[in-house]
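Please open the model in your viewer and keep the selection panel at hand, since each stop below begins with something to select.

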Amino acid sequence: MAVSLDLLRTFLAVYRAGSVTQGAALLRLSQPTVTAQVKALEEALGRPLFERLPRGMAPTPAADQLARQIADPLDTLAERLDGELEEPVFGRTVHLGGPAELVCVRVLPALADLVADGLQLRVTLGLTDDLLAGLAAGALDLVISTARPRRRGLRSDPLCDEEFVLVAAERWADADPARAPLVAYAENLPIIRRYWRTVFETRLTRSPSLVVPDLRGVLAAVAAGAGVTVLPRYLCATELAAGVLRPLLEPELPPINTLFLATRDGPVHQAVSAVRARLLLQGRLW
């Protein structure tokens with residue numbers, strides 16, 4: 001039985017988002033409208049496409065099969081219409097989310113000339129889980145994630161590897177890191193604990209002497225002599241080169257973390273594509 005493109009488009013948005021609420025937000029439709037369209041498609045096909053859960057929608061095998069059949073054709077159609085109907089390239093605002101330190105130190109300089117050429121950019125800083133939720137809900141177009149996204153409806157590409165280095169000012173350069181004051185961005189020492197586990201092969205049980213929820217603040221405090229910490233090398237490269245900070249160790253295999261650039265499944269506006277392409281290109285140099 002023939003069905004309208006609107007029904008298929010609505011189905012695919014709900015399938016990718018995992019809920020009627022998020023699908024409606026992506027389509028800019030009301031929830032009752034989206035619910036009615038999904039029900040109409042199920043009646044037209046003669047089989048259920050989703051199992052209604054307390055939170056979200058679980059696709060049935062029939063939904064999985066239908067999504068495989070229609071995703072590429074609908075995405076191609078949307079991309080062609082986008083290219084024909086929306087000019088110039090930066091015809092809409094791009095909403096980007098990511099960790100504050102990387103965005104401020106690396107991302108914004110990499111996008112500066114695009115802004116000068118007309119890009120309208122809005123940046124949200126925060127924690128990965130919150131940002132990915134915003135991406136899935138349609139509030140953000142791109143998210144720099146500190147872990148590979150596992151949410152249905154999102155896709156990601158490796159952006160860059162951040163290398164971690166144990167650093168201190170001259171005052172603590174010859175001290176035992178296990179005894180020097182620890183400066184961290186969170187009470188549970190996530191970066192420092194990982195470094196200790198990987199490099200020293202031991203579990204860190206100490207509490208930090210100073211906690212500031214921004215790695216740039218951690219950098220400033222350690223450079224002033226507050227103690228020792230573990231930082232991404234890109235963030236403290238200038239201080240290391242100037243001798244303001246010293247690396248306390250240079251392990252053969254330093255701990256690294258891969259960052260990912262995430263978008264939603266499906267077609268994206270050409271302005272989003274331009275930002276994504278620029279970041280993936282620049283990320284190779286970070």
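Begin by selecting L108, V123 and L125 in this predicted model, and show them as a surface: the three residues form a nonpolar patch there, with about 220 Å² of accessible area together. Within that patch, L125 can be traced back to strand 4, and at a relative accessible area of 44% L125 is partly exposed, because that class covers values between 20% and 50%.

Now zoom out to the whole protein, where 10 helices and 11 strands can be coloured separately. The C-alpha atoms fill a box of roughly 75 × 45 × 30 Å when taken along the principal axes. Of the 286 residues, 44% count as buried, while the protein exposes about 14,800 Å², of which carbon and sulfur atoms supply 52%. If you display contacts between residues at least 6 apart in sequence, 74% of them join residues at least 24 apart.

Next, select helix 6, residues 128-137, and ask which of its residues are buried. They are T128, L131, L132, G134, L135 and A136. Keeping those residues selected, add the elements that they pack against, namely helix 2 (20-27), strand 3 (94-98), strand 4 (121-125), strand 5 (142-145), strand 6 (154-168) and strand 11 (256-264). Strand 4, listed among these partners, is also the strand that holds L125 from the surface patch. Just after helix 6, pick G138, whose phi is positive, near 95°.

From helix 6, move to its partner helix 2 and add helix 3, residues 31-45. How are two packed helices described? The usual terms are the angle between their axes and the distance between the axes. Helix 2 and helix 3 pack at an angle of about 105°, with their axes 9 Å apart; since angles of 65 to 115 degrees count as roughly perpendicular, that is how these two helices are classed. To see the residues that meet, show V20, T21, A24 and L27 on the helix 2 side, together with Q31, V34 and T35 on the helix 3 side.

For the last stop, select P61, which lies in helix 4, residues 61-85. Is P61 buried or exposed? At 65% relative accessibility P61 counts as exposed, because the cut-off for that class is over 50%. Finally, add F50 and draw a distance from C-alpha to C-alpha: P61 and F50 are 11 residues apart in sequence and 9.0 Å apart in space.

Notes
Residues numbered from 1 in each chain as written. Predicted model: local features only at pLDDT ≥ 70, side-chain atom pairs only at ≥ 80, totals over all residues. Heavy atoms only, no water. Buried < 20%, exposed > 50% of the residue type's maximum accessible area, 1.4 Å probe, protein only. Helix = DSSP H or I, 4+ residues; strand = E, 2+ residues; numbered from the N terminus. Contact = heavy atoms within 4.5 Å. Patch = residues over 30% accessible without salt bridge, like charges linked within 9 Å, V, L, I, M, F, W, Y side chains within 5 Å. Areas by Shrake-Rupley, 256 points an atom, 1.4 Å probe, with all protein chains shown as cover. Salt bridge = Lys/Arg side-chain N within 4 Å of Asp/Glu carboxyl O. Axes fitted to C-alpha atoms, helices over the stretch in contact; angles between N-to-C directions. Parallel < 35°, antiparallel > 145°, perpendicular 65-115°, else oblique.
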